[in-house]
Amino acid sequence: MNSNPHAADMTGATVARRLADGFELTKPRVVLMILITAFVGFYVGSGDVPNYLRLFKMLFGTALAAAGTLALNQFMERETDALMERTRRRPIPDGRVAARDALWFGMVMAVAGLATARRGSRARSISPKRNRIGDPADARRTSPMRSGW
């Protein structure tokens with residue numbers, strides 16, 4: 001047992017920092033906007049009485065998938081983020097989260113989200129053909145750095 005009374009505080013602070021950095025990777029305000037849009041779309045498309053269990057599963061899966069995708073985006077943009085004043089204090093460029101850890105975190109979140117959303121909604125709308133998370137071709141087509149925007 002450690003006799004240092006501050007050892008537990010340092011461990012707790014480290015865990016809290018890691019959780020905060022993981023949360024920051026998910027860009028929660030962007031996820032909230034996505035969830036509001038998904039909620040409205042579900043509600044409008046439900047007809048008379050929405051299936052609230054299906055709604056919950058869809059929102060939970062969407063939140064996980066969006067959070068994972070946003071973490072993957074930060075992984076892919078880490079070198080550019082390190083150069084810009086506005087973004088260089090994000091968890092990966094700042095060195096608080098290893099790039100490998102962010103990649104795994106994003107992939108696990110995105111896959112778990114798609115699996116959860118697929119169980120909670122009509123399977124055709126969440127087919128793998130329609131979701132190309134992390135597809136390098138999409139990144140090349142849409143990146144302002146490569147598309148001339």
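In this predicted model, Glu 85 forms a salt bridge with Arg 89, with 3.3 Å between the closest N and O atoms. Glu 85 also meets Arg 88 through their side chains, in a salt bridge of 2.5 Å from N to O. Both partners of this second pairing sit between the two extremes of accessibility: Glu 85 counts as partly exposed because its relative accessibility is 48%, and Arg 88 is likewise partly exposed, at 35%.

These pairings belong to a wider set, as a search of the whole structure finds nine salt bridges. One links the side chains of Arg 100 and Asp 101, at 3.5 Å from N to O. Here Arg 100 counts as exposed, with 56% relative accessibility, whereas Asp 101 is partly exposed at 28%. Elsewhere, salt bridges join Arg 17, Asp 21, Glu 24, Asp 94 and Arg 96 into a network. Side chains of opposite charge can pair when their charged atoms come close.

Turning to the interior, the largest nonpolar core consists of seven residues, namely Val 31, Ala 63, Leu 64, Ala 66, Ala 67, Leu 70 and Met 109. Helix α3 (residues 52–76) supplies five of them, the largest share. Another core, of six residues, lies apart from this one and includes Ala 71, Ile 92, Val 97 and Ala 102.

Beyond its neighbours within four places in sequence, Ala 63 is in contact with Val 31 and Leu 35. Thr 62 also lies in helix α3, and Thr 62 counts as buried because its relative accessibility is 18%, under the 20% limit. With neighbours within four places in sequence again set aside, Thr 62 is in contact with Ile 34, Leu 35, Ala 38 and Ala 117.

Terms used: Residues numbered from 1 in each chain as written. Predicted model: local features only at pLDDT ≥ 70, side-chain atom pairs only at ≥ 80, totals over all residues. Heavy atoms only, no water. Core = buried A, V, L, I, M, F, W, Y, C linked by side-chain atoms within 4.5 Å. Buried < 20%, exposed > 50% of the residue type's maximum accessible area, 1.4 Å probe, protein only. Helix = DSSP H or I, 4+ residues; strand = E, 2+ residues; numbered from the N terminus. Contact = heavy atoms within 4.5 Å. Salt bridge = Lys/Arg side-chain N within 4 Å of Asp/Glu carboxyl O.
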